[in-house]
Structures are given as structure tokens and as C-alpha cells.
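I opened the model to look up its enclosed space and the packing of one helix. My entries follow.

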Amino acid sequence: MTLTPDTPRRSSDDIDLLQVLETLRRAWIPLAVTPVVLAGVTYLVSSRQAPTFEAGTSLMSSMPDTSNDTLKGASVTASQLPQGAVDEVIHSRASVVRITDIISKSGLPADIKAKITADLSNELANDRYARVTVKARLDQQQRGVYDLKASAESPEAARVLANAAATALLAWDVERARSGVARARENLQRQLDNLNARLGALTPGSLEAQSLVAARGQLLLNLSQATVFEEGASGNLTLLAEANAPRRPVAPKPTRNAALVFLLSLFAGAGVALLLDALRRRIRNASDLLQLGVNTLGELPRLARAKRGAMVGLARTGDLYEPSGFIRVNLAASLPEQNAIIAVTSPRPAEGKSTVVATTAASYSSAGKRVLVIDLDLHRPSQQEYWSVAGRPWVALPGNTVPLRCDVTIAIEHPNQASALDVGGGIHVLPAGETGRKAASLLSRPDLPDLLRRWAQNYDIVIIDTPPVLALADAYVIGRQLDGMILVVESGETSVPEVQRVLTTFASTGAPLMGVVINKVNRSNQGYYYNYNYHRLTPPATPSN
């Protein structure tokens, strides 16, 4: 591979911050517009949503278990609740029925009552709950605080729903304590009934009857105490504070939602842009071509707002002088000193092949060489835009003695009339004429290689501008008969698979590829940039026309 001493060797796996920023710069319009649009839509949608208010209440679980010998160990206070029990209870069918009953008897508007009742029923059926939620703050003994949160369409509805949920939970807890005492009372009642039955079968006044009468008296006392305990049984939960009507809604929050959507869409868009760029695997510098086993002849910098007509001047005395000089020096190792013929092409349109043709011709001219430029891109010719042709004389090409106005199609069909424009500096240009498929068919003429060799007799080098190779096969048809071909790729745009396809076709057709020129390279990525700035201190002399 042809590299300058200052060319950096970097792995394609290295993360280049400048390349990342360049990728994001190319996609800045969608990256900027999409988040703004999505954030605006989110703000409008959120601001039009009905407000949601949230009220909260708290219950404490701290009472120890107690029992009574009269009830044979039955607890008169509900036992500690296991982890997650309160959340299961508040979302049980019995609690939902109790809550909806309290809501229906409240003074809330009928439409809000209906909405809350329907939502609670749907949540119960789908086993997904949002109206009432529970958050536990407990220690290892399951003692602590349960926070109940209720959301509704108005502050008052949220307060009523939160208090209804707390009331339903407390009622369930008390019923749980009473159920244990009730079972103990029922057991005492069964013992009493059994004792009465036995007394009925005994002789009054007998010793056994007297013993059973004493036992019955104790059972009656225990039964009366059990009835009192059942009425006074208490749950494990205690209400700490009733819910209050909230002042502000908890949703929607248009500003927050819009900001989150903006940030998420911005980061997501940047990620997608970088991912697509990575999947495309674009050619950026010489190290990317090194992995493909192809020579890099040179790199041309990206020039902001530079027009085609200014390229030749920049190649002679401006920003393109050193870059085009590197291309000329690297070509010298593979070409004869005189009568060389090369063609320049690219994988796709707009990658700068015509610019490379013009700047390379200007570089050879600066070195005192005689150059013939032939525009054989008979589909989109552009060489006439690079040269100052107004008022320039025509010169006869070898095989012709009378210089007349001419173009490529005339020169190929009538070689004895072949002429070129003298654009100064030892450069002659044979412009394209008629375009289209009919004109392009002239490139398949069997005598075209002989014509090119004949025209090259008066020149040190002939540089041919040919169509893109992924779109048309013209360059391959011409290239097999030439001394070499140059492939031009655009930095950051031409993908590795595209270059691989071109290289495969070059190998199969036998066209001699000398190397690749990377066009539109950012200055920070240019391997020759140090030398470029060094030599710019003494501008080269402009050759005479």
C-alpha cells in the first residue's frame, strides 16, 4: 500500500470521536427535528389529558398477639400479617365490593362514582391495579406502616377512595380477629349443649349430676365472657391518619413528559444513526482500505463551498496542490514516463471522480507534463465545468491535420477530425458531446484502444473520465486496454461492501486497478496534513499557459 510517512495507522475497531461527531453532523437535521416534534406532540397530548389526583393514608401494624385462657388460647387480637398480605387483601373481591359500596354512598358526582366502580371491577378482572396501591415499610417482625395511595379524577374523589380503602382494610382486619374468637365461642357452646344432654340422662341429685352442674356453671361463665370478647376483638392494624384532598394533580405533567421524550428520542436517534453508520462500514481513511488489500494513492480534503471551476486553480497554487501532488507521485511508480493512459472512475455518482481527473491533470501540468483529458462519461459529462474553455483554441490530435471544433463522439466516429481544446498549461481537453446509450455504445468499438494509443503519442499522460462502475460497465470495457485505473471513493459515504464489489469486478474483468483516491476527507483525518501545512509556507510558482 502507498502511504506517506505521516499517515496514521489506526484499527477500524478504534472509536474515533471525530468520526462519531461527523456521523452525527451528517444526520443533524433528523436528530434535531425529530426530538422537537415528538416533544411538542407529547406536550400537547399530555396537556389535554384529564388530571389525576392522588390522596394517601397510613395504617400501623404494631400490636402484639394476645390470648385468653377462657377461650383455650384463641387470640382476641388479630395476629401479625405476613409479607404482602395487605396488598392481596386490598385487591380482593370482598374489599373491592366494600370499597365500591362506600363510594356509591358518598356524595361524589355520579359519573365519577361510575368511573371508579368500573375501573375497580376491571382491575380485579385483569389482576392489574392502579386505583389503589399499597407500600409497606416494615421491620423483620412485620411491624411498621402501610401507605395507601388512591388516584381519582378529582381531589375529593381521591380522598374518599383512599379513606374507603382504609376502612375496608380495617373492617377485614377486625373480622379476622373476631372470627377466631367466634370459633372459640362456638366450641364452648357445643360443650355446653353436650353437658346439658348428659345431665338430662342422669338422676337429679346424684353425685355425677352434681359434678356436671358445677362444670356447666363454669361453661356458662366462659361462654358469656367469650361473647364479650367477640364484641371487643380488635385487628392488628390501626389507622394513623385519614386521607386529605390533594391540592395539585400528580398527572399529567406536560413539561416533564416533553423533556423526557426529547432526551430519549435524541439519544435514541443518535444511537440509531451511529448503529446504521457502523453497519454500513464506510471508508474514512487509508487504514480502512489497508484491510481490503488495496493501495491508497492519495487523499483530497473536503473544501467548503468550492465550485468546480475553482478546482484547477486550487490544484496549482491552493489547498489541493500537495494532495494532488501525492497522487501524481504515487502514480509515477506504476506508469510509463510517456504516452501513459489511465482512467478514473468511482463506485457511485457524486463521489468526486471528475474532480480527481481535473486536479491530477493540473498537478501533472505543474510538473511540466503534457496532458490530454478525455471526458468519456457519456451519461453525465462534467469536465467542461472544470476548465476555462471560452475563447480557447482547438488543436489537432494525432491523425488529424486540421484543428476543428470537436467532441468525443465525433473524434471516435471520425478520427481524422479529432481535435481538443487547449486550456493552457500544457493541458488539452477532449469534451463529451452527445450523451445517452447511443453515444455510450461507441465505447465498445474495437478500434477505440488503438485510437487512444494514437492520441497519447503527443502526451506524457492521458487521463480519462469514466462513468461510475456500480451503475454502468463502461469503465470496465475501457479499462482493460489501458495502463491503469483509479478508483475514487468519498470519505464517510462510500461503504466497504461497495468497494469490495468493485474490487471483485475489477479482478474478474482484468481491468488494472492501480489504487484508490479518498475524496472529501476531513482535514483532521488526512495523513499528509502535517507536511501539507509545512509546504504551504512557500507557495509554488504558477506555470505559464
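Cavities first. I take a cavity as a set of points, on a 1 Å grid over the protein atoms alone, where a 1.4 Å probe fits but cannot get out. Points are joined across faces, edges and corners, and a volume is the space filled by probe spheres set on them.

The model is predicted: local features need pLDDT of at least 70, side-chain atom pairs count only at pLDDT 80 or more, and totals for chains, interfaces and linings use all residues. Residues are numbered from 1 along each chain as its sequence is written, and side-chain values use heavy atoms, without hydrogens and water.

I searched the whole structure and found five cavities of 30 Å³ or more. The second largest holds about 60 Å³ of space. Its lining (residues with an atom within 4 Å of a point) consists of Ile90, His91, Val96, Ile99, Leu120, Glu123, Tyr129 and Val132. Helices α4 (93-104) and α5 (110-126) are the elements that give two or more residues to this lining; helices are DSSP runs of H or I, at least four residues, and strands are runs of E, at least two, numbered from the N terminus.

Next, helix α10 (residues 308-317). I find Met311, Val312, Ala315 and Arg316 buried there, meaning under 20% relative accessible area with a 1.4 Å probe, protein chains only. Seen down the axis of α10, they fall within an arc of 125°, so they line one face of the helix; the arc is that of directions from the helix axis to the C-beta atoms. They pack against α11 (321-332), α12 (353-366), β9 (419-424) and β10 (427-430), with contact meaning heavy atoms within 4.5 Å.

Notes
1 Å grid on protein atoms, 1.4 Å probe; cavity = no way out; pocket = protein on both sides within 12 Å on 5 of 7 lines; lining within 4 Å. Buried < 20%, exposed > 50% of the residue type's maximum accessible area, 1.4 Å probe, protein only.
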